[in-house]
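User: I am new to reading structures and would like some guidance. Could you walk me through one, feature by feature?

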Amino acid sequence: MRRVVVTGLGLVTPLGADVETCWANLIAGRSGAGPITRFDASDQKCTIACEVKAPDHPWGFDPDKRVDHKVQRQVDPFIVYGIDAAGQALEDAGLTEMSEAERFRAGCSIGSGIGGLPGIESESLVLAEKGPKRVSPHFVHGRLINLISGQVSIKYGLMGPNHAVVTACSTGAHSIGDAARMIALDDADVMLAGGSESTVCPIGIAGFAAARALNTSFNDRPEQASRPYDRDRDGFVMGEGAGVVVLEEYERAKARGAKIYAEVIGYGLSGDAFHVTAPEPEGSGAYRAMEMAMRKSGLALSDIDYINAHGTSTMADMIELGAVKRLFGDAVGGLSMSSTKSAIGHLLGGAGAVESIFCILAMRDQIVPPTLNLDNPSEGAEGVDLVPHVARKREVRAVLNNSFGFGGTNASLVMKTI
Amino acid sequence: MSETADRVKKIVVEHLGVEADKVTEDASFIDDLGADSLDIVELVMAFEEEFGVEIPDDAAEKISTVKDAITYIDEHKG
């Protein structure tokens, strides 16, 4: 099997619209949470979210940088975020000007958990109020999940595999794992891989709140609402944004002198076969995904220095933690594990990709990001360094990233430095 | 310039993201302003909405320049 490395990174998150700003804010312990500004949320049970900030904010997102005005008008925000993050990653990798032969071997696997929910909501209202003749001709392709991959391939002329994963909140991790396999199996030499989401809209907040997944008791203290492993946690904080990496076949990256961030060495997938929203109580699905990723990596359990947990600030946090403890055994004492959802919220289909990038930056800078708001760890959290409140300098040689989604779908990725 | 022309040009600028000075009356939506067939469908819908006219498909197919749109609207608006 061919080796696969990461040579470019791109981020659009509630803590910054580029990799370095976002990472600096994350390490500084800042929170991206606040009252919802995108719409009037006063009648919602949850009135807060981690929104991507407007262009005039110190770390706001300017869509004009990489996305044509016309495209912006036609598509949902998750596609805009995805195009921008993909552009950042290509620029970072120095691959914006590939030859036609290279572009035949370069593809996209950028997915989303839900897709264009805000646009589906607003166009449904147009249909109801004005009738079918007023529905936009751009309605369908402006909302489809695979249209990040579609738009990016058109913009940069990438003619290799064009793919889009849809596995709810494990989309980003599955996207990277699947794309890495495409390179390993010689379907492509370069893949843009990641995930994006933007569902901060009335029906998105109402739907997740109705499913009892969102926090509702911190509306007056948004920055304290996302508190994985803390005994007062009561649901996730909706985030939005995108993460995209450039994956590249190792020999090709080495030959062109590319900056190599990390190697993708392990990928594990499993299904809970249990319940549509609740994880299997013993965490057996999470355990098997991590176990498979570790087995494929060839590493010893003690080689993992950092785990970026799924840790959504829900009841499921302790199920994941239990599975980690069972799998790692004594080795759990030597690693650090944090949930960066405490700072940026839950990016749903974008989460696994954004968090994989945080794992890579943890290896680059030898520092692990904190779990904010972890004031009183729940019973069962003892014996694991959950990096409460502040980032910590430490050795980070290899990392594990977990992502789990509705439907009982689990993905784990293992990466290491070269 | 007529009031219709002003409003048509404003819609074209907004929808196609082009510079206002490129939207001359002779400009072709597809050849000069970068529109595709779906953009034209959307523009026609926007004209219908703005001017309260109905532009049937066979008439819409004949609208290829900014002037075509202005003329049709002026002839059919109430």
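User: Let's begin where the chains meet. How many residue pairs are in polar contact across the interface of chain B and chain A?

Analyst: Keep in mind that this is a predicted model. Across the interface of chain B and chain A, 11 residue pairs are in polar contact, both residues of each pair being at pLDDT 80 or more. On the side of chain B that touches chain A, helix H1 (3–16) and helix H2 (37–51) each supply at least two residues. H2(B) gives the most, with seven residues. By type, the residues on this side of chain B divide into five nonpolar, three polar and seven charged.

User: How do I read the extent of an interface? How many residues of chain B are in contact with chain A?

Analyst: You can look at contacts and at buried area. Here 15 residues of chain B are in contact with 12 residues of chain A. Together the two chains bury about 1200 Å², and 43% of that is on carbon and sulfur atoms. B:Glu42, B:Met45 and B:Glu49 supply 40% of the area that chain B buries against chain A, more than any other three residues.

User: And what about charges? How many salt bridges are there between chain B and chain A?

Analyst: A salt bridge pairs a side-chain nitrogen of Lys or Arg with a carboxyl oxygen of Asp or Glu, within 4 Å. Between chain B and chain A the count is seven, while the structure holds 37 over all chains. One of those between the chains joins A:Lys133 and B:Glu54, at 3.1 Å from N to O. A:Lys133 sits in the loop between helix H5 (117–130) and helix H6 (147–156) of chain A, and B:Glu54 in the loop between H2 and helix H3 (57–60) of chain B. B:Glu54 counts as exposed, at 55% relative accessibility.

User: B:Glu49 came up earlier. Which residue does B:Glu49 form a salt bridge with?

Analyst: Its partner is A:Arg134, and the closest N and O atoms are 2.5 Å apart. This pair also crosses between chains, from helix H2 of chain B to the loop between H5 and H6 of chain A. At 39% relative accessibility, B:Glu49 counts as partly exposed.

User: Now a pair inside one chain. Why does the salt bridge of A:Glu91 and A:Arg66 tie together parts that are apart in sequence?

Analyst: For such a pair, look at where each partner sits. A:Glu91 lies in helix H3 (residues 77–93) of chain A and A:Arg66 in the loop between strand E3 (48–49) and helix H2 (69–74) of chain A, so the pair links parts that are 25 residues apart in sequence. The closest N and O atoms of A:Glu91 and A:Arg66 are 2.9 Å apart. A:Glu91 is partly exposed, with a relative accessible area of 41%, whereas A:Arg66 is buried, at 16%.

User: Is A:Gln88 buried or exposed?

Analyst: Under 20% relative accessible area counts as buried. A:Gln88, in helix H3 of chain A, has 7%, so A:Gln88 is buried. Its side chain makes a polar contact of 2.7 Å with that of A:Asp84. Leaving aside neighbours within four places in sequence, the residues in contact with A:Gln88 include A:Leu9, A:Val12, A:Val19 and A:Arg66.

User: Last one: how do I use an annotation? Which residues of chain B does "domain: Carrier" cover?

Analyst: An annotation can be set beside the model. The UniProt record, an unreviewed entry, places "domain: Carrier" on residues 2–77 of chain B. In the model that span is 58% helix and 0% strand, and its end C-alpha atoms lie 14 Å apart.

Technical notes:
Residues are numbered from 1 along each chain as its sequence is written. Chains are lettered from A and ligands numbered from 1 in the order in which they are written. This is a predicted model: local features need pLDDT of at least 70, side-chain atom pairs count only at pLDDT 80 or more; totals for chains, interfaces and linings use all residues. Side-chain values use heavy atoms; hydrogens and water are left out. UniProt positions are given in the numbering used here, feature names are shortened, and annotations may be inferred rather than shown by experiment. Helices (H or I, at least four residues) and strands (E, at least two) are DSSP runs, numbered from the N terminus. Contact means heavy atoms within 4.5 Å. Buried area is the accessible area (1.4 Å probe) that two parts lose on being put together, summed over both. A polar contact is a pair of N or O atoms within 3.5 Å; within protein, one must be able to donate a hydrogen and the other to accept it, and residues adjacent in sequence count only if both atoms are side-chain atoms. Ala, Val, Leu, Ile, Met, Phe, Trp, Tyr, Cys and Pro count as nonpolar, Asp, Glu, Lys and Arg as charged, and the others, Gly among them, as polar. Buried means under 20% relative accessible area, exposed over 50%, partly exposed in between (1.4 Å probe, protein chains only).
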